[in-house]
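Let's take a friendly walk through a protein model. Have a look at the sequence and the 3D picture first, then read on.

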Amino acid sequence: MKNHGRRIFQTLCLAAAALLVFGASALAAERISINGSTTVLPISQILAEAYMDEYPDVNISISGGGSGNGIRALVDGTTDIAQSSRWIRQSEVENAINNGHYPVPFAVALDAIIPVVHPDNPVDNLSLDQLKAIYEGKVRNWKDVGGEDRSIAVISRDSDSGTYAVWNEVALKGARPTPRAQLLASNGAIVQEISGNRNAIGYIGIGYLTENLKAVSLDGVAPSYANAASGDFPVSRTLWFFTDDWPKGETLKFIRYALHPEKGQKLVKETGYVPLY
Amino acid sequence: MGTKRRAKELLIHIFFLVVGASGIIVLTLILLFLIMEGLPIFDTVPIRDFLFGTMWYPTHYPPDFGILPLIAGSASVVVLSSLIAIPLGIGSAIYLAEIAHPKVRAVVKPTIELIEGLPTVVIGFFGMVVVAPFLQETFGLTTGLNLFNASVMLAFMAVPTIASISEDAIYGVPAHMKEGSMALGATHWETIARVILPASLTGISTAVILGISRAIGETMVVLMVAGGAAIIPASIFDPVRPMPANIAAEMGNTPFRSDHYHALFAIGLVLFAFTFVFNMIAAHLAQKHKQVGAASL
């Protein structure tokens with residue numbers, strides 16, 4: 001809401017400045033609208049701000065209502081770019097084509113979700129099966145997975161966060177986590193709890209990793225930016241921009257900017273997500 | 001002149017009627033909204049399974065909407081924090097009103113009232129960053145974010161309310177009652193226990209209701225320190241997920257008018273029923289033990 005207000009304010013300022021300098025002709029400023037996933041939102045925001053700094057006559061409006069909403073807006077023709085944290089569904093493609101739209105995907109960044117423990121915990125590596133057993137509550141002591149004789153405090157994100165959804169799909173393969181799992185409201189809360197609790201295991205987006213936490217390898221693959229980008233690290237997902245048909249004009253320029261290794265992708269890294277290169 | 005004055009009176013009358021009624025009207029509308037958004041869940045989940053189901057997996061397929069662990073979470077937190085807060089609150093009130101030197105009282109009472117204004121997010125943060133690691137290390141617990149931590153933090157919030165309002169009630173007991181008791185040969189303690197406390201019971205009940213109802217509805221503290229596991233606690237060091245914390249944590253990303261969304265409103269309804277019954281009991285107790293005559297506050 002606040003952002004929206006600022007956007008309106010910026011538009012007004014822009015319009016006023018344009019009127020003063022170029023006269024009424026400049027009112028026809030280029031507009032790009034982006035809609036969709038809140039996970040991708042920080043990336044779109046930082047890209048849009050940098051892009052508008054470089055091309056002040058372009059106005060980019062962003063809203064985040066979830067991946068499904070974004071793709072629906074693309075199908076209805078009400079947005080130029082749909083941002084999505086998941087692949088487009090069969091039914092959505094069919095809807096789009098029936099409406100005369102043809103969604104084109106662009107991978108814009110990767111998101112790796114990494115398991116973390118307290119730095120004093122001797123466990124460095126878990127297999128995906130061990131991780132699943134821990135989250136299902138079947139393994140309840142660290143000594144069963146090569147650690148100290150301590151009970152395991154299983155920490156998870158709240159059940160409606162995108163991070164939880166991906167974690168459940170990839171790490172738990174759709175199984176339910178144990179009801180004893182502590183559901184915390186944010187990446188920050190998980191960092192706080194695990195850095196103060198030697199028994200705990202949790203998971204966070206790779207951008208939230210600090211030195212107060214230890215990242216655990218999965219099946220021997222270290223949770224690094226490089227392994228996430230190459231697809232070797234198992235719990236990662238691609239974040240997408242969908243456009244209607246091959247983009248043209250300003251939208252194409254913006255997408256090229258977003259994918260540029262020296263421009264957009266550098267900003268992606270600043271947001272804590274994994275750049276494509 | 002007379003009609004003009006009467007018209008003015010009538011206008012003032014209507015004005016205050018509207019002002020007085022607006023609060024009630026708004027609250028009724030909110031209650032109606034709560035009922036309208038909450039009831040649809042019972043089309044998909046029978047009310048018995050909703051209230052007594054022990055599994056809360058709202059976003060899985062198929063989902064489970066059993067809120068017994070959440071009710072147990074709220075109830076356990078409220079009971080434990082009351083056990084801590086009521087004796088501490090009333091004890092401080094008796095000390096301040098009856099035993100403390102007036103100079104001590106002049107300093108301590110405003111301080112307690114100042115603590116009352118502490119933002120709950122600060123208390124929650126304190127519980128999370130200081131108390132949780134301390135509890136976990138000292139008692140060798142699995143986690144420091146648990147029922148006990150949340151109860152202590154809620155008690156910390158409720159004590160100033162209970163102490164400050166009870167103190168007003170005790171202090172307000174007329175001096176002649178106290179003097180009468182002393183004159184009949186009762187000791188100071190006998191006077192406090194047999195005369196002053198019964199005389200100020202209505203005020204103390206009000207204090208306890210206000211203090212504890214803050215704890216029932218409190219969201220931020222339990223969201224931060226209760227641990228968030230939807231289980232029925234077997235020990236005071238188990239993590240719990242009270243109803244307000246659950247609503248706050250899950251409302252943000254719930255699809256509009258989905259089953260999960262309706263379920264959260266239904267939890268709100270249960271929470272409302274909870275506070276309503278609690279207030280009724282408290283009001284009844286206060287009525288039953290009401291003192292008449294000079295000591296009626």
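What follows is a short tour of some features in chains A and B. Keep in mind that this is a predicted model.

**Chain B as a whole**

Let's begin with the overall build. Chain B has 13 helices, along with 2 strands. If you follow its C-alpha trace along the principal axes, chain B spans about 75 × 70 × 30 Å. It is made of 297 residues, and 44% of them count as buried.

**A nonpolar patch on chain B**

Now turn to the surface. Six names to find here are I115(B), L118(B), V121(B), V122(B), F156(B) and M220(B), which form a nonpolar patch there. Together they have about 450 Å² of accessible area. Pick out V122(B), one of the patch residues. V122(B) sits in helix α6 of chain B, which covers residues 120-139. With a relative accessible area of 42%, V122(B) counts as partly exposed, because that value lies between the 20% cut-off for buried and the 50% cut-off for exposed.

**Strands and a crossover in chain A**

Over in chain A, strand β1 (residues 30-36) and strand β2 (residues 58-64) pair up in the parallel sense, with 7 bridges between them. Want a spot to zoom in on? R31(A) has N59(A), in β2(A), as its bridge partner. Helix α2 of chain A (residues 41-54) joins in too: β1(A), α2 and β2(A) make a right-handed β-α-β unit. While you're looking at strands, here's a handy general point: in a regular strand the side chains alternate between the two faces of the sheet.

**Where the chains touch**

Is N197(A) buried or exposed? N197(A) is buried, because its relative accessible area is 1%, and buried means under 20%. You'll find N197(A) in the loop between α7 (187-195) and β8 (200-205) of chain A. Its side chain reaches a partner in the other chain: it makes a polar contact with the side chain of Q136(B), at 3.1 Å.

**Two loop residues with positive phi**

Finally, here are two residues of chain A to compare.

| Residue | Phi | Loop in chain A |
|---|---|---|
| K173(A) | near 50 degrees | between α6 (162-170) and β7 (182-184) |
| D245(A) | near 65 degrees | between β11 (236-244) and α9 (249-259) |

K173(A) has a positive phi although it is a residue other than glycine, and D245(A) is also a non-glycine residue with a positive value. As for how open it is, D245(A) is partly exposed, with a relative accessible area of 39%.

How values were computed:
Residues numbered from 1 in each chain as written. Chains lettered and ligands numbered in written order. Predicted model: local features only at pLDDT ≥ 70, side-chain atom pairs only at ≥ 80, totals over all residues. Heavy atoms only, no water. Patch = residues over 30% accessible without salt bridge, like charges linked within 9 Å, V, L, I, M, F, W, Y side chains within 5 Å. Areas by Shrake-Rupley, 256 points an atom, 1.4 Å probe, with all protein chains shown as cover. Salt bridge = Lys/Arg side-chain N within 4 Å of Asp/Glu carboxyl O. Helix = DSSP H or I, 4+ residues; strand = E, 2+ residues; numbered from the N terminus. Buried < 20%, exposed > 50% of the residue type's maximum accessible area, 1.4 Å probe, protein only. Pairing = 2+ DSSP bridges. Right-handed = clockwise from strand over helix to strand, strands pointing away. Polar contact = N/O pair within 3.5 Å; in protein donor to acceptor, adjacent residues only side chain to side chain.
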